[in-house]
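Here's a quick look at how some side chains sit in one protein model. Have the structure open while you read.

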Amino acid sequence: MWLKLQRAATLLVGGGALAGAAAGAGFADASHMTRTFRRMFGLTPGALARAATAFKTGAPSGAMM
């Protein structure tokens, strides 16, 4: 499961879509990936993707969520 989560996170941080990251990491669907992310990390994959985008663009930290 950790390897799947790591792969999905890598795809998301690289700019991939949720559905594509879920499929690329081997999850059944984006909902399954989202539930697993929230359970394991306490945040959704979308929140991770927004944080990565904000970091890359230098947006203020308040703009992440």
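Which residues form one aromatic cluster? They are Trp 2, Phe 37 and Phe 41. Keep in mind that this is a predicted model.

## Aromatic rings

There are 2 aromatic pairs in the structure. In one of them, the ring centres of Phe 37 and Phe 41 are 5.3 Å apart and the planes make an angle of 75 degrees, so this pair is edge-to-face; the cut-off for that label is over 60 degrees.

Both Phe 37 and Phe 41 belong to helix H3, sitting 4 residues apart, or about one turn of the helix. Is Phe 37 buried or exposed? Phe 37 is buried, because its relative accessible area is 1% and the limit for buried is under 20%. Phe 41 comes out at 37% relative accessibility, so it counts as partly exposed.

## A lysine over a ring

Phe 27 has company of another kind: Lys 4 lies over the face of its ring, 5.3 Å from the ring centre.

## The two sides of H2

Helix H2 covers residues 18–25, and Ala 21, Ala 22 and Ala 25 are buried in it. Looking down the axis of H2, you'd find the buried residues within an arc of 100 degrees, which means they line one face of the helix. Flip to the other side of H2 and you get Ala 19 and Ala 23, which are exposed.

What covers the buried residues of H2? The cover includes helix H1 (2–13) and helix H3 (30–41). Right after H2 comes Gly 26, with a positive phi near 95 degrees.

Notes. Residues are numbered from 1 along each chain as its sequence is written. This is a predicted model: local features need pLDDT of at least 70, side-chain atom pairs count only at pLDDT 80 or more; totals for chains, interfaces and linings use all residues. Side-chain values use heavy atoms; hydrogens and water are left out. Buried means under 20% relative accessible area, exposed over 50%, partly exposed in between (1.4 Å probe, protein chains only). The arc is that of the directions from the helix axis to the C-beta atoms. Contact means heavy atoms within 4.5 Å. Rings of Phe, Tyr and Trp (its six-membered ring) pair if their centres lie within 6.5 Å; planes under 30 degrees apart count as stacked, over 60 as edge-to-face and the rest as tilted. A charge sits over a ring if NZ of Lys or CZ of Arg is within 6 Å of the ring centre and within 35 degrees of the ring normal.
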